[in-house]
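Here's a short walk through one protein model, from its surface down to a single side chain. Have a look first, then read on.

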Amino acid sequence: MAGGSGTAPRGAPVAANTVSIKSFAFTPASASVKVGTTVTWTNKDEEPHTVTADGGSFRSAPLTAGKTFRYTFTKPGSYPYSCTIHPFMRGTVVVRP
Ligand SMILES: [Cu+2]
């Protein structure tokens, strides 16, 4: 493979402020951002999905195809979330200080 920058271990945080919802999965599953960053999720599936924090700190309405949800993280920490419609869909945002 040419030009590869290495493959992160599955589940390792990836620096990203955008998360795709596609094929019933959040990509990257673990997004790492600096505090104060707004993260945007975009539903690229035909099915509706939600972005719902385990602790309730953020929650989207059901996102239909092509819709986005934004949330600004103001405190460092690890924020696990899921889709309430498909609870097997899980992701995490890791907020760095
Ligand atoms: Cu879903």
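The protein chain exposes about 5,700 Å² (Shrake-Rupley method, 1.4 Å probe), and carbon and sulfur atoms supply 56% of that. Keep in mind that this is a predicted model, where local features need pLDDT of at least 70, side-chain atom pairs count only at pLDDT 80 or more, and totals for chains, interfaces and linings use all residues. Residues are numbered from 1 along each chain as its sequence is written, and side-chain values use heavy atoms, with hydrogens and water left out.

Of the 97 residues in the protein chain, 36% are buried (under 20% relative accessible area, 1.4 Å probe, protein chains only). The fold has 9 strands and 0 helices (DSSP runs of at least two residues for strands, at least four for helices). As for contacts (heavy atoms within 4.5 Å) between residues at least 6 apart in sequence, 47% join residues at least 24 apart.

Now for Asp45, which sits in the loop between strand E5 (38-43) and strand E6 (52-53). What is the nearest side chain of opposite charge to Asp45? That's Lys22, 5.3 Å away, and buried Asp45 has no salt bridge (side-chain nitrogen of Lys or Arg within 4 Å of a carboxyl oxygen of Asp or Glu). Its side chain does have backbone partners, as polar contacts (N or O atoms within 3.5 Å, one able to donate a hydrogen and the other to accept it):

| Backbone nitrogen | Distance to a polar side-chain atom of Asp45 |
|---|---|
| Ser23 | 2.7 Å |
| Phe24 | 2.9 Å |

Leaving aside neighbours within four places in sequence, Asp45 is in contact with Ile21, Lys22, Ser23, Phe24 and Ala65.

Technical notes. Buried < 20%, exposed > 50% of the residue type's maximum accessible area, 1.4 Å probe, protein only. Lys, Arg positive; Asp, Glu negative; His and termini not counted.
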